[in-house]
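Thanks for coming. I will go through one structure today, residue by residue in places, and finish with the ligand.

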Amino acid sequence: MTETNWAGNHTYQAASLHRPASLDQLRELVAGAAQVRVLGSRHSFNDIADSAVLVTLDGLPGEVAVDHAAGTVSCPAALRYGELARALAAEEVALANLASLPHISVGGAIATATHGSGDANGNLATAVAGLELVTASGETLTASRGDPDFDGMVVGLGALGAVTRVTLDVEPAYQVRQRTFQGLDWERLFERLDEVTSAGYSVSMFTRWTGAVEQVWVKSRVASSPEEVRGDLFGAVAATEDQHPILGLDPVNCTRQLGVPGPWSDRLPHFRMGFTPSSGEELQSEYHLPRHHAVAGLRSLRALAGVVRPVLQVSELRTVAADRLWMSPQHGQDTLSVHFTWVPDWAAVQPVLVQIEAALAPFGARPHWGKLFLAGAEAIAPLYERTGDFSRLAGRLDPGGVFANDWLRRHLLGG
Ligand SMILES: Cc1cc2nc3c(=O)[nH]c(=O)nc-3n(C[C@H](O)[C@H](O)[C@H](O)COP(=O)(O)OP(=O)(O)OC[C@H]3O[C@@H](n4cnc5c(N)ncnc54)[C@H](O)[C@@H]3O)c2cc1C
């Protein structure tokens with residue numbers, strides 16, 4: 001098999017890729033496998049999804065069912081957010097947040113704690129109210145928020161079983177408008193960080209680590225009161241044309257800006273479904289800084305600008321609210337998350353990651369599970385107070401280590 005991930009930088013080592021057409025076929029496959037992993041929509045940049053045998057769940061039948069009274073939707077884990085959003089629109093309900101692109105699968109996103117932005121918005125895994133998974137023995141297990149170990153099961157890193165269905169919190173559908181601002185001075189940002197990140201429901205900043213943060217994207221929920229249109233944001237000037245996060249790229253693939261109201265699902269992501277997200281030719285890394293270290297961490301990164309810029313397309317700064325999920329990078333802490341879209345040249349990017357990780361180590365920054373990073377289990381395991389509990393949970397659900405893989409051993413559990 002010569003299948004690769006979305007970025008094309010990882011060729012899966014698996015000997016076979018299976019596409020079961022029923023839950024029973026999946027259970028049989030898992031129960032009979034020595035090593036297996038679920039492949040989502042392949043948007044991770046590392047080998048987190050790899051195993052000897054891979055299985056995709058997009059052939060499983062399954063409906064999208066909204067429970068208006070409970071405020072939830074139950075859907076197949078293999079569904080992509082863009083497809084889910086279409087089904088939710090028909091029911092006039094919405095999710096609280098989305099990532100920068102609607103192309104990723106729900107199961108893959110929550111397994112790696114994929115996030116959007118917003119001071120009060122948790123990562124996408126925090127919307128999970130319930131899960132159904134097929135464990136290594138082939139049994140089906142269901143768990144709901146509040147159950148013992150549920151907080152350990154949601155950000156499962158693919159290590160606990162095959163998640164077949166997910167129940168997510170929903171709320172009444174809402175509209176969002178986004179405006180972008182250009183040229184935010186770094187020192188102004190450091191002085192007014194809390195005001196900048198709370199200037200909208202979801203705020204993203206884009207920078208190439210030059211003298212200023214080049215763009216600030218402010219996404220606000222449309223309220224019944226008239227919008228207060230600001231000409232500047234702490235000195236950054238309101239844009240008069242749609243922007244692409246990567247300067248010089250055509251914004252045609254991006255969601256509408258300039259304050260034009262639109263459905264939540266067509267404004268919270270930066271990129272439109274059906275179009276190439278981001279640049280398409282890239283690698284990505286991201287580090288979640290504890291919020292109280294945000295300014296110090298950003299100052300350390302600014303000192304590396306000369307090293308970073310030659311291999312960088314763009315960086316994005318977002319905020320994510322704290323949660324209780326054991327393996328969430330936001331476990332117990334609000335974060336300012338610093339993302340890097342790199343040029344597609346691992347040999348050039350790797351030495352830069354060495355310097356970035358050294359610079360961020362004093363702040364306890366946690367890497368994004370689905371992107372490229374170097375730190376090993378000895379550095380990462382202590383950053384999560386529930387690592388031991390997660391390891392025991394994996395041992396209980398999967399005593400033979402069927403869902404374990406090299407990535408998990410290298411970066412979290414050792415051995
Ligand atoms: C262009 C681009 C933009 C991105 N933007 C963002 C962003 O805005 N925010 C952010 O946080 N991340 C972002 N990412 C990263 C991405 O969200 C994560 O890598 C996410 O895991 C991708 O989901 P996937 O379905 O592709 O999972 P995959 O990469 O296929 O798999 C990831 C992990 O999930 C497991 N998994 C997948 N499905 C299941 C299942 N049903 N049951 C059990 N385990 C499962 C796999 O085994 C694997 O361990 C971006 C990536 C790309 C390529």
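Arg188 sits in helix 5, which covers residues 186-191. This is a predicted model, so please keep that in mind for everything I say. Is Arg188 buried, exposed or partly exposed? With a relative accessible area of 31%, Arg188 counts as partly exposed. Its partner for a distance check is Gly235: the two are 47 residues apart in sequence, and their C-alpha atoms are 8.1 Å apart in space.

Next, some loop residues. Gly200 is in the loop that runs between helix 6 (193-197) and strand 12 (202-207). Its relative accessibility is 19%, and because buried means under 20%, Gly200 is counted as buried. From the C-alpha of Gly200 to that of Ser224 the separation is 15 Å, with their positions 24 residues apart along the chain.

Strand 12 is also one end of the loop that holds Trp209, the other end being strand 13 (212-221). Trp209 is not a glycine, yet its phi is positive, at about 60°. How accessible is Trp209? The value is 2% relative accessibility, so Trp209 is buried.

Asp149 is another non-glycine residue with a positive phi, in this case near 70°. It belongs to the loop between strand 8 (140-144) and helix 4 (150-153). Asp149 has 27% relative accessibility and so counts as partly exposed.

Ala34 is in the loop between helix 1 (23-31) and strand 2. A relative accessible area of 63% makes Ala34 exposed. If you take the C-alpha atoms of Ala34 and Gly183, they are separated by 54 Å, and the two residues are 149 apart along the chain.

The last of these loop residues is Asn405, between helix 11 (387-397) and helix 12. Asn405 has a relative accessible area of 4%, so it is buried. Asn405 and Glu132 are 273 residues apart in sequence, and C-alpha to C-alpha they are 22 Å apart.

Now the aromatic side chains. How many aromatic pairs are there? With ring centres within 6.5 Å as the cut-off, the count is 12 aromatic pairs. Take Trp369 and Trp407: the ring centres are 5.7 Å apart and the planes are at 75°, so this pair is edge-to-face. Trp369 is in the loop between strand 20 (366-367) and helix 10 (377-380), while Trp407 is in helix 12 (residues 406-413), so the pair ties together parts that are 38 residues apart in sequence. Trp369 and Trp407 are both buried.

Which residues do ring pairs link into a cluster? They are Trp186, Phe190, Trp209, Tyr287, Phe340 and Trp342. Trp209 in that cluster is the buried residue with the positive phi from a moment ago.

There are also arginines placed over ring faces. Arg230 lies over the face of Phe234, and the distance to the ring centre is 5.6 Å. Arg366 does this with Tyr384, at 4.5 Å from the ring centre.

That leaves the ligand. Around it are 37 residues, and those that come nearest are Val38, Gly40, His43, Ser44 and Ser105. By class, this shell is made up of 17 nonpolar, 16 polar and four charged residues.

Which backbone atoms lie close to ligand oxygens? For Val38, a polar backbone atom is 2.6 Å from an oxygen atom of the ligand. For Ser100, a backbone N or O atom is 2.8 Å from a ligand oxygen. For Leu157, a backbone N or O atom is 3.5 Å from an oxygen atom of the ligand. On its own the ligand has 960 Å² of accessible area, and the protein covers 99% of it.

Which elements give two or more residues to the shell? They are strand 2 (37-39), helix 3 (106-111) and strand 9 (162-169). Helix 3 gives the most, with four residues. Strand 2 is also where the loop holding the exposed Ala34 ends.

That is what I have; I will take questions now.

Conventions
Residues numbered from 1 in each chain as written. Predicted model: local features only at pLDDT ≥ 70, side-chain atom pairs only at ≥ 80, totals over all residues. Heavy atoms only, no water. Near = heavy atom within 4 Å. Polar contact = N/O pair within 3.5 Å; in protein donor to acceptor, adjacent residues only side chain to side chain. Areas by Shrake-Rupley, 256 points an atom, 1.4 Å probe, with all protein chains shown as cover. Nonpolar A, V, L, I, M, F, W, Y, C, P; charged D, E, K, R; others polar. Phe/Tyr/Trp six-rings, centres within 6.5 Å; stacked < 30°, edge-to-face > 60°. Buried < 20%, exposed > 50% of the residue type's maximum accessible area, 1.4 Å probe, protein only. Lys NZ or Arg CZ within 6 Å of the ring centre and 35° of its normal.
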